[in-house]
Amino acid sequence: MGNNDTILEVNNLVKYFPIKSSFFKRTIGNVKAVDGVSFKIRRKHTMGLVGESGCGKSTCGRTILRLQEKTSGEVLFDGQDVFSLNKEQLRKLRPRMQLVFQDPYSSLSPRLPVGEIIGEAVREHGIVPAGEFDDYITRVMEVCGLPSYYKERYPHEFSGGQRQRICIARALALAPDFIVCDEPVSALDVSIQAQIINLLKQLQQDFGLTYLFISHDLSVVEHISDTVGVMYLGTMVEYAPTEKIFAKPLNPYTKALFSAIPIPDPDVKLNRIILKGSIPSPANPPSGCKFHTRCEQCMEICKYAKPEWKEVEPEHYCACHLYNNDQEQKRAEQEADRVRKETKN
C-alpha cells in the first residue's frame, strides 16, 4: 500500500450468504449482503457508514474484522491483507482491531463482573504484566467515565449508557488502532447518546484511534465523521468527505436519505423526497443499478447496466449513470444491449 496515512483499505469486498434447499441442502442462491464495496480510512479519522436497515453495513464491518470469511475482495489493514494471515498472525493482529456492539446488554456476559469483562482479553493477549493488571484496568475504566468500585458489579446493575461505556472500555483496554462502532448509540436515550459520542471523540483525540462508525442516525454521523459512505442493498453508492456529501449529495438515493434529516427550525420547510416501494431482496437484487426500482430519475439504461464507481469531483465518489461521460455512457449502452439480448434469449 503506497499511502502510509491510510490505515484501512477495502477493495471490492464481497460477502454472500448461501441459501440452502430444505431437503438436500444444496445451494440454490445467495444473499448478496456485501456486493463489491471499496473505500479507504485515514489514520485517526472517522468514517461514517449509513444506509437503510438490511443494506449490509454491519456485515461489512464484521467481514472487515474477519469475524466472518469474505466471498471475495481484499481488506488491507496497515498494509497487511487480513484474509491472508494464518491463525497465529491473526491472533497477534486481533487486539489492534476491535468492535463495539449495538446492544450493550447482550454483548456483556451476565456471569462476569465488570473488571473481569474488561480485563479478560487483556490477560489473554498479555497486554500488561500481571503485577500491573489491576491498576491498568482501573485506569482504562476511569478514562471511560467508570469509577473503579464498579469492578465487582455485574452488567444487570447498570443503565444502558453505563453498559455501553463498559463495552468501550473493553475495546480500549487492548490498546487498539481501529474500532468498528456498530450502531453504538442507537439503543440509548438522546441525552446519553451525546455523552457516548463525546466520549468516543475524546478517546480518539487522546489515543489516536480510527473509527468505522455504522449508524442510521445521519445527524450523529454528520457530527462525528470525517468521511461518509452510503450503502444501498450491499453496494456503496456514494463516498465523500462529510462537508461535501451533506452540502451536495450526488446520488438520488443519498439525496432521498438526507432529505429525511429533521431541521430544528419551524420556518424551514423540508423538501422531503419520499422513496416509493420497498427495498428489494438482497437474495434477488434488480439488474443494472440496484436503486432503479425506486429512483425518480431512473433512465432506461439504469435497468440493464450497472453504473461505474468513479470520482465525480475531487475526493467525491459516486456510482450513478447521471454522471457518465461519453466513454462511460458508451460502455453502459453496450452492457445494456448485452443484458437485453440475454434476457430475450
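Where along the chain does Gln297 lie? Select it and look: Gln297 is in the loop between helix 9 (252-258) and strand 11. Keep in mind as you click around that this is a predicted model.

**Stop 1: Gln297 and its surroundings**

With Gln297 still selected, colour by accessibility. Its relative accessibility is 37%, so Gln297 counts as partly exposed. Now show its contacts, skipping the neighbours within four places in sequence: Gln297 touches Pro252, Lys255 and Leu322. For a sense of scale, draw a distance from the C-alpha of Gln297 to the C-alpha of Thr71; the two are 32 Å apart in space and 226 residues apart along the chain.

**Stop 2: the four-stranded sheet**

Next, head for the sheet with strand order 2-1-4-5, which is open, has 4 strands and pairs in the antiparallel sense. Strand 2 (27-42) and strand 5 are at its edges with a single partner strand each, so one side of each has no neighbour in the sheet. Helix 1 (residues 57-64) packs on this sheet and touches strand 1, strand 2 and strand 4, with its direction at about 115° to that of strand 1.

Zoom in on strand 1 (residues 6-20) and strand 4 (residues 72-77): 5 bridges link them in the antiparallel sense. For a pair to label, try Asn11, which stands opposite Glu74 in strand 4.

Then slide over to strand 5 (residues 80-81), which is antiparallel to strand 4 and joined to it by 2 bridges. One pair to pick out is Phe77 with its bridge partner Gln80 in strand 5. What do strand 4 and strand 5 form, and how many residues are between them? They form a hairpin with 2 residues between the strands. Check the backbone of Asp78 in that turn: its phi is positive, at about 55°.

**Stop 3: the eight-stranded sheet**

Now select the sheet that runs 6-7-8-3-9-10-12-11. This one is also open, with 8 strands and mixed pairing. Its edge strands are strand 6 (97-100) and strand 11 (309-313), and each pairs on one side only. Step across from strand to strand and the twist averages 20° each time.

For a look inside the sheet, pick strand 3 (residues 46-50) and strand 9 (residues 227-232), which run parallel and are joined by 4 bridges. Label Val50, and opposite Val50 you'll find Val230 in strand 9.

Helix 5 packs on the sheet, touching strand 6 and strand 7 (178-182), and its direction makes about 175° with that of strand 6. Add helix 6 (residues 190-207) to the view: helix 6 lies across strand 3, strand 7 and strand 8 (210-214), and runs at about 155° to strand 8.

**Stop 4: helix 5 against helix 6**

Leave helix 5 and helix 6 on screen and hide the strands. At what angle do the axes of helix 5 and helix 6 cross? They cross at roughly 15° and come within 10 Å. That angle makes helix 5 roughly parallel to helix 6. The crossing is right-handed.

Turn on side chains at the contact. From helix 5 come Gly161, Gln164, Arg165, Ile168 and Leu172; facing them in helix 6 are Ile192, Gln195, Ile196, Leu199, Leu200, Leu203 and Phe207. By class, this contact has 8 nonpolar, 3 polar and 1 charged residues.

**Stop 5: helix 4 and its partners**

Last, select helix 4 (residues 133-143). Its buried residues are Phe133, Tyr136, Ile137, Thr138, Val140 and Met141. What do the buried residues of helix 4 pack against? Bring up helix 3 (114-125) and helix 5 (160-172), and you have both partners. As you look down the helix, remember that residues three or four places apart point the same way, because an α-helix has 3.6 residues a turn.

Focus on the pair of helix 3 and helix 4. Their axes come within 10 Å and cross at roughly 115°, and the crossing is right-handed. Val114, Gly115, Ile118, Gly119, Val122 and Arg123 in helix 3 meet Phe133, Tyr136, Ile137, Val140 and Met141 in helix 4. The class count for the contact is 8 nonpolar, 2 polar and 1 charged residues.

To finish, follow the chain out of helix 4 to Gly145, which comes after the helix and has a positive phi, near 80°.

Key
Residues numbered from 1 in each chain as written. Predicted model: local features only at pLDDT ≥ 70, side-chain atom pairs only at ≥ 80, totals over all residues. Heavy atoms only, no water. Buried < 20%, exposed > 50% of the residue type's maximum accessible area, 1.4 Å probe, protein only. Contact = heavy atoms within 4.5 Å. Axes fitted to C-alpha atoms, helices over the stretch in contact; angles between N-to-C directions. Left-handed = near helix turned anticlockwise from the far one by under 90°. Nonpolar A, V, L, I, M, F, W, Y, C, P; charged D, E, K, R; others polar. Pairing = 2+ DSSP bridges. Parallel < 35°, antiparallel > 145°, perpendicular 65-115°, else oblique.
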